[in-house]
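Visitor: Please take one part of this model and go through it closely. I would like the packing and the charged contacts treated together.

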Amino acid sequence: MEAEKWGRRIRAYRKLKGFTQEGFSKELGVSVSILGEIERGNRLPAVDLLERIAYSLKISIDDLTPKE
């Protein structure tokens, strides 16, 4: 359940910033399939990947953190 919340927020911010899954995965240095798994909620991103995601989207990790 928690992974789904993270994934939805990451997907929403990615789209808001105009990235495709392919372009964003290249920017992050991960495969499209890994990014897809994260966005679908099948995988929680590691802390270092969360930091790269936030940096690439020019937002804070707090912005990505699912609200209770």
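Guide: What follows starts from one helix and works outward to its partners and the salt bridges. Keep in mind that the model is predicted.

Start with helix α2, residues 21–28. Which of its residues are buried? They are F24, S25 and L28. Around the helix axis these residues span an arc of only 100°, so they sit on the same side of α2. The cover over them includes α1 (2–16), α3 (32–40) and α4 (47–57). After α2 comes G29. Its phi is positive, near 80°.

Now take the contact of α2 with α4. The two axes come within 10 Å. They cross at roughly 115°. The crossing is right-handed. From α2, the contact uses F24, E27 and L28. From α4, it uses L49, R52, I53, S56 and L57. By class, that gives 5 nonpolar, 1 polar and 2 charged residues. F24 and L28 thus appear twice: they are among the buried residues of α2, and they take part in the contact with α4.

R52 leads on to the charged contacts. Besides touching α2, R52 forms a salt bridge with D48. The closest N and O atoms of that pair are 3.5 Å apart. Both residues lie in α4. They are 4 residues apart, about one turn of the helix. Are they buried or exposed? Neither label fits, because D48 has 44% relative accessibility and counts as partly exposed. R52, at 34%, also counts as partly exposed.

Next, α3. Its buried residues are L35, G36, I38 and E39. Their arc around the axis is only 160°, which puts them on the same side of α3. What covers them includes α1, α2 and α4. So α3 is part of the cover over the buried residues of α2, and α2 is part of the cover over those of α3. Just after α3 comes G41, with a positive phi of about 85°. A glycine with positive phi therefore follows α2 as well as α3.

E39 deserves a second look. It is charged, yet it is buried, with a relative accessible area of 2%. What does its side chain meet? It meets the side chain of R11 in a salt bridge, at 3.8 Å from N to O. R11 lies in α1 and E39 in α3, so this pair ties together parts that are 28 residues apart in sequence. The two ends differ in exposure: E39 is buried at 2%, whereas R11 is partly exposed at 26%. The pair does not stand alone. R11, R14 and E39 are linked in a network of salt bridges.

One further pair involves α3's neighbourhood in sequence. The side chains of E37 and R43 meet in a salt bridge, with 3.4 Å from N to O. E37 is partly exposed, with a relative accessible area of 27%. R43 is partly exposed too, at 35%.

How many salt bridges does the structure hold? The total is 5. Among them are R11 with E39, E37 with R43 and D48 with R52.

To put the part back together: α2 turns F24, S25 and L28 to the same side. Its cover includes α1, α3 and α4. It crosses α4 at roughly 115°. The R11 and E39 salt bridge ties α1 to α3.

Notes: Residues are numbered from 1 along each chain as its sequence is written. This is a predicted model: local features need pLDDT of at least 70, side-chain atom pairs count only at pLDDT 80 or more; totals for chains, interfaces and linings use all residues. Side-chain values use heavy atoms; hydrogens and water are left out. Buried means under 20% relative accessible area, exposed over 50%, partly exposed in between (1.4 Å probe, protein chains only). Helices (H or I, at least four residues) and strands (E, at least two) are DSSP runs, numbered from the N terminus. The arc is that of the directions from the helix axis to the C-beta atoms. Contact means heavy atoms within 4.5 Å. A salt bridge is a side-chain nitrogen of Lys or Arg within 4 Å of a carboxyl oxygen of Asp or Glu. Axes are lines fitted to C-alpha atoms, for helices over the stretch in contact, and angles run from 0 to 180 degrees between N-to-C directions. A crossing is left-handed if the near helix is turned anticlockwise from the far one by less than a right angle, and right-handed if clockwise. Ala, Val, Leu, Ile, Met, Phe, Trp, Tyr, Cys and Pro count as nonpolar, Asp, Glu, Lys and Arg as charged, and the others, Gly among them, as polar.
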